Amino acid sequence: MKVCAYVLDEYAKQTYASESHDVRAWPGFEMILHAVRSAGYAVDYAGRATVHSYDVVLVSITSDCDWWPFIAERSKWQGGKYTVIAGGAGVLNVRPFLGFVDAFVLGRGENIINGVLSAIETGGRYESPSVIWSDSFSVDNKYTICQAESPYQHTFTLTNGK
C-alpha cells in the first residue's frame, strides 16, 4: 500500500523536507509519520500533481486556516483511488469537510493511525470513538479526542535536527 504525507502547494518546494517542516514546525505530523514508518509503511511526500499515485493520503490540519487551501487543492485532484485521512489540532468540527476527507483522527493519533492503515489495507474499518469515517458520520454518535497516557515513547529527529 502506498502512503503519502500531503504537502499543500503553497508549502511545496524542492527542499520541502528540510525547509518547510523547519518553518512550519509540524512535530505532531512528524510523530505520526515516525509511527507509520516504524510499523513498516513507506511514506513519501506528495502534492496535488502526484497525489493520484497513492492509496492513502495523510493530511495535517494544524489549525482552521489549513482547511481552506486544502479544500481548494483537494477540489482539483485528478484521478486516483485513495483514502484521505486528516488529523491535527485543526480537526474538530468535521461536518463542513465530510466531502473532502474519508477519515478524521481526533487528538493524539500515534496509537491509532497504524490500526486505521491496517484496516484500510484489508478493506475494513478501524473503529474508535476518535476516528470519524465520513460516510458513516452522525451527529448522534459520540466522538472523543484521543488522549495519551504518556509522551510519545520513541525518539525521532525532526527535519530541522531537533
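**Entry 1: the sheet**

I began with the strands and found an open sheet of six, in the order β2-β1-β3-β4-β5-β6, with mixed pairing. A reminder to myself: this is a predicted model. Which strands stand at the edges? I noted β2 (43-46) and β6 there; each has a single partner strand, so one side of each is left without a neighbour in the sheet. I also looked up the twist: neighbouring strands are turned by 25° against each other on average, direction ignored.

Next I picked out one pair of strands. β1 and β2 run in the parallel sense and share four bridges. For valine 3, I found the bridge partner in β2 to be valine 43.

**Entry 2: helices on the sheet**

I then turned to the helices that pack on the sheet. Helix α2 (residues 27-38) touches β1, β2 and β3, and its direction makes about 140° with that of β2. α4 also packs on the sheet, where it touches β3, β4 and β6; the angle between its direction and that of β4 is about 170°.

Stepping back, I listed the elements from the N terminus on and got β-α-α-β-β-α-β-β-α-β. That is four helices and six strands in the chain.

**Entry 3: the cores**

Which residues have the most contacts inside the largest nonpolar core? I wrote down Val57, Trp67, Phe70 and Phe104, in a core of 23 residues. β1 (3-6), β3 (56-60), α3 (67-74) and β4 (83-87) each supply at least two residues of this core. The largest share comes from α3, with three residues.

Phenylalanine 70 deserved its own look. I left aside its neighbours within four places in sequence and found it in contact with Tyr6, Leu8, Val59, Ile61, Trp77, Val84, Phe100 and Val101. There is also a second, separate core of 21 residues, and Val3, Val56, Ile85 and Ile120 are among them. Valine 3, then, turns up twice in my notes: in this second core and as the bridge partner of valine 43. My background note for this page: in soluble globular proteins, nonpolar side chains tend to be buried together.

**Entry 4: whole-chain numbers**

I looked up the totals next. The chain has 162 residues, and buried ones make up 43% of them. Its exposed area is about 8600 Å², of which carbon and sulfur atoms supply 51%. I also checked the contacts with a separation of 6 or more: residues 24 or more positions apart account for 70% of these.

**Entry 5: salt bridges**

How many salt bridges are there? I count two. Why look for them at all? Side chains of opposite charge can pair when their charged atoms come close.

One joins glutamate 110 to arginine 108, and their closest N and O atoms are 2.5 Å apart. Is glutamate 110 buried or exposed? Glutamate 110 counts as buried because its relative accessibility is 7%, under the 20% cut-off. Arginine 108 has a relative accessible area of 28%, so I filed it as partly exposed.

The other is between arginine 125 and aspartate 135, at 2.7 Å from N to O. This pair links distant parts of the chain, 10 residues apart: arginine 125 sits in the loop between α4 (113-121) and β6 (131-133), and aspartate 135 in the segment after β6. Arginine 125 is partly exposed at 37% relative accessible area. Aspartate 135 counts as exposed because its relative accessibility is 63%, over the 50% cut-off.

Notes. Residues numbered from 1 in each chain as written. Predicted model: local features only at pLDDT ≥ 70, side-chain atom pairs only at ≥ 80, totals over all residues. Heavy atoms only, no water. Salt bridge = Lys/Arg side-chain N within 4 Å of Asp/Glu carboxyl O. Buried < 20%, exposed > 50% of the residue type's maximum accessible area, 1.4 Å probe, protein only. Contact = heavy atoms within 4.5 Å. Areas by Shrake-Rupley, 256 points an atom, 1.4 Å probe, with all protein chains shown as cover. Core = buried A, V, L, I, M, F, W, Y, C linked by side-chain atoms within 4.5 Å. Pairing = 2+ DSSP bridges. Axes fitted to C-alpha atoms, helices over the stretch in contact; angles between N-to-C directions.
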